[in-house]
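User: I'm new to this one, and I'd like to know the reasoning behind the labels people put on it. Could you walk me through it?
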Amino acid sequence: MKSDDPVTRYALRLGDDALILGHRLSEWMSRAPFLEEDIALGNVALDFIGRARLFYQYAAERVGGGVTEDTFAYTRDVREFTNLLLCELPRGDFAFTLCRQFLYDAFSLPFTEALAGSADSRLAAIGAKAVKESRYHLRRSRDWIVRLGDGTEESHRRCQQALDELWIYTGEMFETDQLIDELVALGVAVDTAELRRCWIETVSETLRAATLTPPTATADVSGGRRGIHTDDLGFLLAELQFMQRAYPGLQW
Amino acid sequence: MADQMQLYEVFIRSRRGLDHKHVGSLHADDAIQALEYARDVYTRRGEGVSIWVVASRDITASQESDCESFYDPLDDKPYRHAAMYALPEGVDSL
């Protein structure tokens with residue numbers, strides 16, 4: 001199911017981001033610090049998995065030939081996934097998960113707003129649906145960053161540590177390549193480079209409120225969009241894909 | 001963590017409802033967080049369009065032992081009840 005169609009490849013990137021991040025969030029089910037947060041995290045995970053399905057369904061329609069959303073989720077290998085590295089990092093502690101979520105949500109809101117204006121009507125429709133979710137996600141994760149950062153000595157320390165670890169993975173959100181340039185010219189893709197200023201504003205304001213120190217990253221790590229991943233994605237896929245790998249075509 | 005948190009009572013007004021109804025309770029750090037959890041815990045299936053949260057400690061409740069003096073004296077005053085009146089047509093929310 002490799003495709004040369006630019007819109008399909010773009011939809012798969014966005015679907016991969018959503019599926020992998022959604023899966024990482026789902027790993028908290030029954031393990032969250034308390035019941036209310038367990039349900040809240042599950043809701044966000046489901047939002048992202050639902051979003052992944054919409055992107056995959058669209059890609060499957062474009063590819064045709066019996067390919068379905070499940071083909072993309074369950075039968076591709078690590079190198080075929082093109083999600084951001086930020087999305088695949090292991091969930092870490094609660095501060096790490098919420099910190100990652102906040103950094104992504106602060107990007108995802110302006111991204112989905114812009115995607116809603118895509119010249120591709122299907123991508124625009126997915127964007128319009130996702131905007132509302134993203135607004136709530138950001139409200140929730142921002143709230144947690146302030147609580148943890150401006151909380152106890154330990155929560156502040158863990159939150160700052162997570163932020164420092166995650167920072168080098170944030171630059172990849174704003175990278176462009178040939179595919180993006182091509183689709184931006186057609187009005188289909190979002191020019192993420194233009195979202196950076198908005199993202200920095202949201203993050204700076206929140207870190208100030210949370211009494212956290214903005215990290216000064218020395219380098220950006222990337223590769224996800226080219227299929228070059230951390231070791232962790234392989235383990236994630238092993239769990240995510242096990243049933244379909246062991247029993248191909250199995251249905252519930 | 002949950003033991004340091006406050007208990008909140010959650011009231012939801014449904015899409016077609018006229019009043020907020022008590023649906024349950026939850027733990028949260030403060031009222032803002034309680035409102036968000038109420039959204040996540042009690043409106044997952046489109047149950048509501050408006051949420052109230054109230055700290056449980058702010059509710060003053062009548063006691064079981066009050067029943068006799070509170071309610072029994074009303075039993076022999078049927079004229080206070082509107083039960084004898086026929087409801088005019090078009091009034092459906094009395």
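Analyst: Sure, let's take chain B and then its contacts with chain A, keeping in mind that this is a predicted model.

User: What makes up the secondary structure of chain B, and in which order do the elements run?
Analyst: There are 2 helices and 3 strands in chain B. Starting at the N terminus, the order is β-β-α-β-α.

User: Why is chain B called more spread out than a compact globule?
Analyst: Put the value next to the rule: for 94 residues the globule rule gives 12 Å, but the radius of gyration of chain B is 19 Å, which is well over that, so chain B counts as more spread out. As for its dimensions, the C-alpha trace spans about 55 × 40 × 15 Å along the principal axes.

User: What makes a residue buried, and how many percent of chain B are buried?
Analyst: The cut-off is 20 or more other C-beta atoms within 10 Å of the residue's own. Of the 94 residues in chain B, 16% are buried.

User: How do you know that chain A touches chain B, and where does the contact side of chain A come from?
Analyst: Contact means C-beta atoms within 7 Å, and 9 residues of chain A are in contact with 12 residues of chain B. Helix H2 (35–63) and helix H6 (121–149) of chain A each supply at least two residues of that side. H2(A) gives the largest share, 4 residues.

User: Which classes of residue are on that side of chain A?
Analyst: The side of chain A that touches chain B has 4 nonpolar, 4 charged and 1 polar residues.

Note on methods. Residues are numbered from 1 along each chain as its sequence is written. Chains are lettered from A and ligands numbered from 1 in the order in which they are written. This is a predicted model: local features need pLDDT of at least 70, side-chain atom pairs count only at pLDDT 80 or more; totals for chains, interfaces and linings use all residues. The radius of gyration is taken over C-alpha atoms; the globule rule is 2.2 Å times the number of residues to the power 0.38. A residue is buried if 20 or more other C-beta atoms lie within 10 Å of its own, exposed if 12 or fewer, and partly exposed in between; C-beta atoms are placed from the backbone. Two residues are in contact if their C-beta atoms, placed from the backbone, lie within 7 Å. Ala, Val, Leu, Ile, Met, Phe, Trp, Tyr, Cys and Pro count as nonpolar, Asp, Glu, Lys and Arg as charged, and the others, Gly among them, as polar.
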